[in-house]
Amino acid sequence: MSSGYNGPPLLDLTIDNITPNTNLINAQCKDARLKYLMSRLVTHLHDFARETRLSTEEWMAALNFLVACGQISSDVRHEFILLSDILGLSLLVDSINHPKPPASTEGSVLGPFHTHDAPTMPNGGAMSTDPEGEPMLCVCTVKDTEGRPIRGVKIDIWETDSSGHYDVQHEGRDETGPSERCVMESDEQGVFWFKAIKPVSYPIPHDGPVGKLLDKLGRHCWRPAHLHFMFDKPGLDKLITALYLRGDPYETSDAVFGVKQSLIVDLDKVDKETASKYDAEEGHWLLRHEFVLVTEKETQDLRDRNAVEALEKLGLRMKLVDHLPVPELD
């Protein structure tokens, strides 16, 4: 009885020919990009297994590790993002997809604790309810690469409390609601300002499989003190970034590779004039920063140029479709 299968016949499979056979049967895919992604994934995975002579026990340990990552994940904890972060993959993907021209603000990692329920606040709002935190006034501007202010940019902001925990890590968050996070919008002068607390160093969640992996690798689980920002406006390249406090003990060993020199900042103290202007307390911590955003077209053009250059160095014949490489076929 006919099975209805019209694909290529598989050969007598061996260590040496399993890869071309797998790619051959996957090549029936009609989506050129997916076909290319799967071809490279299979090739690299198989080469990894051959190069390392991967044992059955190691293979099963890896599969069980991935299962454990899924089991501990939830709506407010994404263990796979954490895994991607500690492997340096998150920063790599962001750097490839959102390259920044000179003089614009660089990106950083999103992290696993961003949520979509932060309250919208007007300028001057207080995003923290932590009485133990050291108060900090943040006065920021959003401009383009020509120095012109950008109004109407949606800014998502979040940080830990003074104990080094995000609100979603505390029991009862459903009842108390979000804290140490808010959403704002830049005004006509591209300004947004708010009251927060001085960021502190903190450990990434290390009670799960990712934490156990770090321990086996002899790595620490700490992140330097920072404040997260996400900027979004139609026509602009979405920016996910963070500002890191200079002098933090983990500044040069961030567990998730998020620190860049251009994102390290110094804090000042609120003086009398600033206190009066922004209804803040004199002597509180002060963060001032100017963010420079670029257009989607600027980023796409730079991303395309970088892709073509990188692929040519690898000796690959490729073309870009929707800004993504696929094989150039005769």
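**View 1. Met 60, a partly exposed residue in a predicted model.** Let's start with Met 60, which counts as partly exposed because its relative accessibility is 35%, and that falls between the 20% and 50% cut-offs. Keep in mind that the model you are looking at is predicted. Met 60 sits in helix α3.

**View 2. The nonpolar patch around helix α3.** Zoom out a little and Met 60 turns out to have company: Phe 48, Leu 54, Trp 59, Leu 63, Leu 66 and Phe 80 join it in a nonpolar surface patch of about 610 Å². Which helix gives the most to this patch? That would be helix α3, running over residues 56-72, with 4 residues.

**View 3. A patch of negative charge.** Here's another bit of surface, where Asp 268, Asp 271, Glu 273 and Glu 282 gather in a negatively charged patch. Pick out Glu 273: you'll find it in helix α8, which covers residues 272-278. Is Glu 273 buried or exposed? It's exposed, because its relative accessible area is 65%, and exposed means over 50%.

**View 4. The annotated stretch, residues 127-273.** Glu 273 is also where an annotation stops: an unreviewed UniProt entry labels residues 127-273 "domain: Intradiol ring-cleavage dioxygenases". This span is 33% strand and 10% helix, and its end C-alpha atoms are 23 Å apart.

**View 5. Stepping back to the whole chain.** Now for the bigger picture: the chain has 13 strands and 9 helices. Its C-alpha trace spans about 85 × 45 × 40 Å along the principal axes. Out of 330 residues, 41% count as buried.

Methods:
Residues numbered from 1 in each chain as written. Predicted model: local features only at pLDDT ≥ 70, side-chain atom pairs only at ≥ 80, totals over all residues. Heavy atoms only, no water. Patch = residues over 30% accessible without salt bridge, like charges linked within 9 Å, V, L, I, M, F, W, Y side chains within 5 Å. Areas by Shrake-Rupley, 256 points an atom, 1.4 Å probe, with all protein chains shown as cover. Salt bridge = Lys/Arg side-chain N within 4 Å of Asp/Glu carboxyl O. Lys, Arg positive; Asp, Glu negative; His and termini not counted. Charge placed at Lys NZ, Arg CZ, Asp CG, Glu CD. Helix = DSSP H or I, 4+ residues; strand = E, 2+ residues; numbered from the N terminus. Buried < 20%, exposed > 50% of the residue type's maximum accessible area, 1.4 Å probe, protein only. UniProt positions renumbered as here; feature names shortened; annotations may be inferred.
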